[in-house]
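Me: Hi! I'm new to this one and would like a walk through it. Could you put it up so we can chat?

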Amino acid sequence: MSAVILSGKTYAQELKNQAKINLTELIRQTGVTPGLAVIIVGADPASQVYVRNKHRTCREMGINSQVISLPENTGKSALITAIKKLNEDVSVHGILLQLPLPKTLQPYESEILYNINPSKDVDGFHPVNVGKLSIGEKCMVPCTPLGCIKMLESAGIPIDGKNAVIIGRSNIVGKPMANLLLAKNATVTICHSHTQNLKDITRTADILIAAVGRPAFVTADMIKPGAAIIDVGINRIAPKKLVGDVDFTAVKEKAAFITPVPGGVGLLTIATLMQNTIEAARQQLL
Ligand code: NAD
């Protein structure tokens, strides 16, 4: 039997509806409209599309949005100065630095991110938020893994006591995903490029999260029949063709639930960013 296809559009709309309710209530209580500032350095075309989408969604929701576009040759200290200015700006409640940074700034990525005020860190990448997530404290949670959890929960897929396997150990997806699943009482395994006998591990997964960045990496023989497959990967295989990390056509015949790419968890990332921005504003204002 073919898997249920989890539509990102439906679940993202649910999250945005909830965010809108929270936003209206916050404005009623405080009289303040939350503000998000996105900094983009350079002219990476994919990043420009992501930033435009974030800006547009903010405007649709009724969140103030500003985009700070800095030239490709911006130095580390100029970028940190721009971040510090936003830290001081009371109309800005969320700050997001669009990644990846240009090559010359990449060695300083952590150092630059550490300058974002943790309470405005709507991407959840500051070590204060990373640490809080790992010890199960309330914090700003990275948007993509948070979207995956929201989707699993909304779809009624049980997490408690289930085996969850994540392929990928990045700070942006894999590691926070593991902490979130652990907090929901899953038994979590993280696999990565040095993992041996990967297939033996992925076949134990009731929930399999693929965050590798390689097209058709997860094949049907790697999954347990009836598993829930969450495909985080975004791979451009032709100028207008995006695919995930999962061999969708074959895997959907064996899984119980599967997310498509495009149209899957990627759509929830912006919706969770809206929620995080409203929550950051609520914590700063109330
Ligand atoms: P990354 O390159 O930082 O991490 C990739 C991970 O895959 C690494 O931990 C690596 O160890 C692992 N890996 C590589 N080869 C492997 C192998 N042969 N076996 C097992 N593991 C292997 O990437 P990332 O930033 O975590 O992103 C992963 C994917 O998710 C990318 O396609 C990215 O575009 C996508 N992504 C999507 C969203 C979204 O909004 N949907 C957000 C962030 C990232």
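Me: Thanks! Let me start with one residue: is Ile 270 buried or exposed?
Reply: Happy to help, and do keep in mind that this is a predicted model. Ile 270 counts as buried, because its relative accessibility is 18% and the cut-off for buried is under 20%.

Me: Where is Ile 270 found?
Reply: Look in helix H10, which covers residues 266-285. Ile 270 is 258 residues away from Ala 12 in sequence, while their C-alpha atoms are 8.1 Å apart in space.

Me: And Ala 280, which element is that in?
Reply: Ala 280 also has its place in helix H10. Its relative accessibility is 0%, so Ala 280 counts as buried. Between the C-alpha atoms of Ala 280 and Leu 97 there are 16 Å, with 183 residues separating the two along the chain.

Me: OK, zooming out. What domains does the protein have?
Reply: The domain assignment gives domain 1, residues 31-121, and domain 2, residues 143-267. Their C-alpha centres lie 28 Å apart.

Me: Let's talk about the nonpolar core. How many residues are in the largest one?
Reply: It has 31 residues. Leu 181, Ile 209, Ile 230 and Val 232 are the ones that touch the most other members. As background, nonpolar side chains tend to be buried together in soluble globular proteins.

Me: Which elements give two or more residues to this core?
Reply: On the helix side there are H1 (8-30), H6 (143-154), H7 (174-183) and H10 (266-285). The strands are E5 (163-167), E7 (207-210) and E8 (228-231).

Me: And which of them gives the largest share?
Reply: That would be H6, with five residues.

Me: Switching to the ligand. Which residues come nearest to the ligand?
Reply: Arg 169, Ser 170, Ser 193, Ile 234 and Thr 269 come nearest, out of 19 residues around the ligand.

Me: What is the mix of nonpolar, polar and charged residues in that shell?
Reply: The shell around the ligand has ten polar residues, seven nonpolar ones and two charged ones.

Me: Which atoms of Thr 269 and Ile 234 pair up with the ligand?
Reply: For Thr 269, an N or O atom of the side chain is 2.9 Å from an oxygen atom of the ligand. For Ile 234, a backbone N or O atom lies 3.0 Å from an oxygen atom of the ligand.

Me: What about Arg 214, how far is its side chain from a nitrogen atom of the ligand?
Reply: An N or O atom in the side chain of Arg 214 is 3.4 Å from a nitrogen atom of the ligand.

Me: How much of the ligand's accessible area does the protein cover?
Reply: The ligand has 860 Å² of accessible area on its own, and the protein covers 71% of that.

Me: Now for backbone oddities. Which peptide bond leading to Pro 100 is cis?
Reply: The bond from Leu 99 to Pro 100 is cis, with omega near 0°. Pro 100 sits in the loop between strand E4 (94-97) and helix H4 (109-113). A cis peptide bond also joins Val 261 and Pro 262, with omega about -5°. You will find Pro 262 in the loop between E11 and H10.

Me: What is in that loop besides Pro 262? Say, where is Pro 260?
Reply: Pro 260 has its place in the loop between strand E11 (257-258) and H10. Pro 260 is buried, at 15% relative accessible area.

Me: And phi values: what is phi for Asn 197 and for Ala 216?
Reply: Asn 197 has a positive phi near 50°, and Ala 216 has a positive phi of about 55°. Neither residue is a glycine. In general, most residues other than glycine have a negative phi, and most peptide bonds are trans.

Me: Where are those two, and how exposed are they?
Reply: Asn 197 lies in the loop between strand E6 (187-191) and helix H8 (198-202). Asn 197 counts as exposed, at 56% relative accessibility. Ala 216 is in the loop between E7 and E8, and is partly exposed with a relative accessible area of 43%.

Me: Last one: is Gly 35 buried or exposed?
Reply: Gly 35 counts as buried, at 3% relative accessibility. You can spot Gly 35 in strand E2, residues 35-41.

Technical notes
Residues numbered from 1 in each chain as written. Predicted model: local features only at pLDDT ≥ 70, side-chain atom pairs only at ≥ 80, totals over all residues. Heavy atoms only, no water. Domains from an automatic or database assignment. Near = heavy atom within 4 Å. Polar contact = N/O pair within 3.5 Å; in protein donor to acceptor, adjacent residues only side chain to side chain. Areas by Shrake-Rupley, 256 points an atom, 1.4 Å probe, with all protein chains shown as cover. Nonpolar A, V, L, I, M, F, W, Y, C, P; charged D, E, K, R; others polar. Core = buried A, V, L, I, M, F, W, Y, C linked by side-chain atoms within 4.5 Å. Buried < 20%, exposed > 50% of the residue type's maximum accessible area, 1.4 Å probe, protein only. Helix = DSSP H or I, 4+ residues; strand = E, 2+ residues; numbered from the N terminus.
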